[in-house]
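Biologist: I am new to this structure and should be grateful for a close look at a single part of it. Please describe how one helix packs against its surroundings.

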Amino acid sequence: MREQYKISIKQYFTLIVLFELGSAILVGLGMNAGRDAWLAVLIGLVAGVFLFLLYIYMFKQFPELPLSKYLPLIVGKHFGKVLNMLYMLYFMYLAARVLRDFGSLLLSAVFVQTPIIVVNSLMILTIIYVLHLGFEVLARTGEIFFALTVLIGLSIFVLVLGADIMNWNYIKPIAGEGWMPVLKASFPVTPTFPFGEMIAFTMLFPYLRTKKKALSIGLTAMILSGLILSLTVAADIAILGGHVATHVFFPLLSAVAKINLGEFIQRLDALVVFTLITGGFFKIAVFLYVSVKIAQDVFSVKEERSLLMPLGIVILFGSVAVASNFVEHINEGLNIVPHFIHVPFQLIIPVFFTVIYLIRKKSIKKKLASGSSTLT
Amino acid sequence: MKRITLFLSLITLPFLSGCWDQHELDELSIVMGIGIDRADNGEMRASFQVVNPSEVSPGIGGGGGGKQPNFTVYTSNGKNLMEATRNASRQTPRRLFFAHARILVLSEKVVKEKGIYDTLDMISRDPEVRSTIQVFIARGTDPGTILETFSAIDKVSADEVASKLEVSEKVWGENIGMDINEVLQSMISQGSEPIINGLSLRGDDEQAITAKNYEAGKPARLYLNGMAVFKHGKLKKWADGSNARGIVFVKDNINSSVINIDCEGKKDSVAIEVVRSKVELKADMKGEIPRIKVTAYPETNIAEANCPADFENKDTIFKLEKLLNKEVEKEIKASINFVQKQKTDVIGFGELIYRTDPKKWRKIRKHWDKTFPKIEVTVEADSRIRRPGIRTSPFQYELKNEADR
């Protein structure tokens with residue numbers, strides 16, 4: 001087994017931002033709230049930060065261990081194994097969902113005649129290849145693509161301002177139908193997607209080069225991406241109008257398509273597709289990597305690389321099998337996954353093992369001290 | 001490791017060689033304009049204006065030789081737009097490609113009688129059609145004829161029409177560009193209704209659709225003709241001339257325009273060029289029926305003065321400003337009366353009330369149709385005449401001075 005790569009602070013930051021923006025910036029986040037969608041995103045961010053604090057708290061208790069290693073310590077070996085397997089399936093499922101999002105975007109926007117499995121397999125093969133070279137490669141690629149994404153994002157922003165296509169009247173009044181519809185649209189969708197998905201990083205915290213900064217840098221990255229998401233959603237609505245923005249599958253794509261500067265700079269959808277592919281790539285890669293890490297612990301596999309291909313293939317077929325059509329996929333994403341999958345895995349189970357930890361704190365610490373040599 | 005890399009790169013190789021959805025340029029017919037009409041049997045009749053690439057591009061075909069027309073129009077029928085589109089393939093030698101379509105022309109008769117609803121969905125759903133496509137209504141003619149009309153300056157008439165709209169929007173102000181998204185948005189929103197540009201043909205119909213048209217000294221021309229005011233998806237009335245401009249004014253979409261005012265007792269003798277304009281709308285929510293205050297701030301220059309006025313005296317300018325205010329107020333007022341009489345909220349007063357007081361709006365939105373005509377609107381203009389071009393008083397002022405001496 002190779003020595004575990006240590007993630008630098010810069011890489012940690014860029015990975016979080018790419019991960020959070022990933023697929024969330026693509027599908028209209030919080031669009032159930034109509035023209036208040038941007039508010040729903042902010043509410044999601046605030047709630048998501050609390051989830052993150054919980055994950056960081058547990059990390060501080062076990063600074064050397066990832067989730068899959070401290071779970072058995074807390075809840076017992078066998079039950080821990082069960083939970084670990086569930087988490088592995090959860091992350092694989094999420095990877096499959098993001099892959100589906102990504103494939104659907106390309107299909108409905110560009111490759112109408114192409115089967116989704118072709119597009120998806122290209123994506124997953126690339127990810128498997130990158131992870132095969134090690135997490136370090138992914139992290140360093142992240143730095144490069146972060147810079148590119150920022151550059152493209154900024155230029156799109158400038159072009160949107162220059163094209164003067166935003167009508168801020170479209171997002172007024174704020175909470176015009178009252179606050180209840182906004183809150184209803186927010187919970188539990190926006191806190192869990194994408195902010196609560198930070199639970200994947202509980203598998204990566206121990207591999208940070210500077211562990212002290214896990215909280216501060218993580219929070220900064222989360223808040224930054226939350227603000228970008230909220231601003232993007234607001235701009236989508238200001239460009240397209242509340243009706244159109246909430247009734248297209250990919251608001252950002254439709255919004256950017258409206259940029260037209262002097263009949264010359266126009267049809268910039270390709271730029272958006274590029275950033276979306278980038279974000280999707282990193283999100284799927286992180287999910288795949290953490291599920292591989294958990295699988296490695298659960299099945300005591302020595303070489304993590306040998307797990308990449310099997311899990312990747314399962315994710316690939318999962319991405320096609322999760323739903324029979326795109327509408328079903330989006331429906332599940334909005335109505336089923338947040339309530340019955342995200343909430344248990346991001347909130348209920350973590351709270352559950354945190355409480356058990358607090359109760360059994362002393363005995364766990366003792367166990368940790370005696371067996372630390374065999375664990376790491 | 002090396003073997004795996006080799007294996008991976010080998011299996012990705014066939015995928016990288018090309019795209020599944022490739023469309024070669026010479027297999028595509030580039031559609032520039034789409035027309036939607038009804039056939040006599042009630043089916044949808046779609047027309048597609050398609051560019052003839054060898055004639056339009058300067059390099060190929062001997063510098064646009066002129067042997068063949070620059071574009072051609074295919075017309076086909078179907079139960080819906082999609083069917084009509086695919087039905088056209090029996091006539092077209094290549095696949096129709098919609099990404100460059102710039103105008104969508106709807107039949108006046110159809111939107112008046114059957115409404116606009118059944119025509120828009122495919123245009124907004126198809127990933128190929130860009131949402132910047134401009135919507136027009138063929139006024140006094142049919143979409144097919146509009147698309148078939150040969151243009152004089154640009155090679156493709158759909159392109160020319162889109163440019164006409166852009167220019168007119170910038171300097172004349174009786175039309176507002178309305179793309180497919182804006183039409184949908186204003187149609188869905190409870191507090192607003194769509195308003196769509198009219199497109200007419202002036203001149204000889206027979207000649208218009210032949211290549212002779214651009215050789216003729218007096219070609220038939222397409223021109224923008226008013227804006228159609230909609231109500232529940234049906235064309236209710238045409239807003240023309242000052243009514244149309246008044247609406248554009250209130251919607252705060254005036255870029256530039258020309259307003260005539262009286263001077264020294266001579267009617268419409270001074271032409272004022274609006275350089276930019278800003279409009280503030282305020283809703284007063286006290287009382288049962290909201291009141292709306294419109295304040296316009298046009299910034300203008302004097303463009304033409306056919307009267308003996310003294311432009312070296314600032315009081316003359318202030319006097320003209322006052323007259324200009326009255327003129328602007330009159331025009332806006334008249335256009336608001338017009339839309340209130342048609343009972344269709346194309347300006348978006350409902351949206352304004354929703355923005356100002358959402359709670360109150362929730363109470364009145366159910367019977368907004370009835371409330372809208374009753375709304376009391378006060379109009380105020382506060383205009384500025386900044387400069388009178390590059391000369392001071394008009395020469396007619398000097399003439400008058402000479403005569404007086």
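Modeller: A crossing of two helices is called right-handed if the near helix is turned clockwise from the far one by less than a right angle, and left-handed if anticlockwise. In this predicted model, helix H1 of chain A, residues 9–21, and helix H9 of chain A, residues 214–240, serve as the example. H1(A) passes H9(A) in a right-handed crossing. The two axes come within 9 Å and cross at roughly 30 degrees.

The residues that meet can be named for each helix. H1(A) contributes A:Ile9, A:Tyr12, A:Phe13, A:Ile16, A:Val17, A:Glu20 and A:Leu21. From H9(A), the partners include A:Ala214, A:Ile217, A:Gly218, A:Ala221, A:Leu224, A:Ser225 and A:Ile228. Sorted by class, this contact comprises 13 nonpolar residues, three polar ones and one charged one.

Helix H1 of chain A also takes part in an aromatic pair. A pair of aromatic rings is described by the distance of the centres and the angle of the planes. The count over all chains comes to 30 aromatic pairs, and one of them joins A:Phe19 to A:Phe287. Their ring centres are 5.3 Å apart, with 65 degrees between the planes. This arrangement is edge-to-face, because planes over 60 degrees apart are counted in that class. The pair links distant parts of the chain: A:Phe19 lies in helix H1 of chain A, whereas A:Phe287 lies in helix H12, residues 269–298, of chain A. The two residues are 268 residues apart.

Definitions and conventions:
Residues are numbered from 1 along each chain as its sequence is written. Chains are lettered from A and ligands numbered from 1 in the order in which they are written. This is a predicted model: local features need pLDDT of at least 70, side-chain atom pairs count only at pLDDT 80 or more; totals for chains, interfaces and linings use all residues. Side-chain values use heavy atoms; hydrogens and water are left out. Axes are lines fitted to C-alpha atoms, for helices over the stretch in contact, and angles run from 0 to 180 degrees between N-to-C directions. Helices (H or I, at least four residues) and strands (E, at least two) are DSSP runs, numbered from the N terminus. Contact means heavy atoms within 4.5 Å. Ala, Val, Leu, Ile, Met, Phe, Trp, Tyr, Cys and Pro count as nonpolar, Asp, Glu, Lys and Arg as charged, and the others, Gly among them, as polar. Rings of Phe, Tyr and Trp (its six-membered ring) pair if their centres lie within 6.5 Å; planes under 30 degrees apart count as stacked, over 60 as edge-to-face and the rest as tilted.
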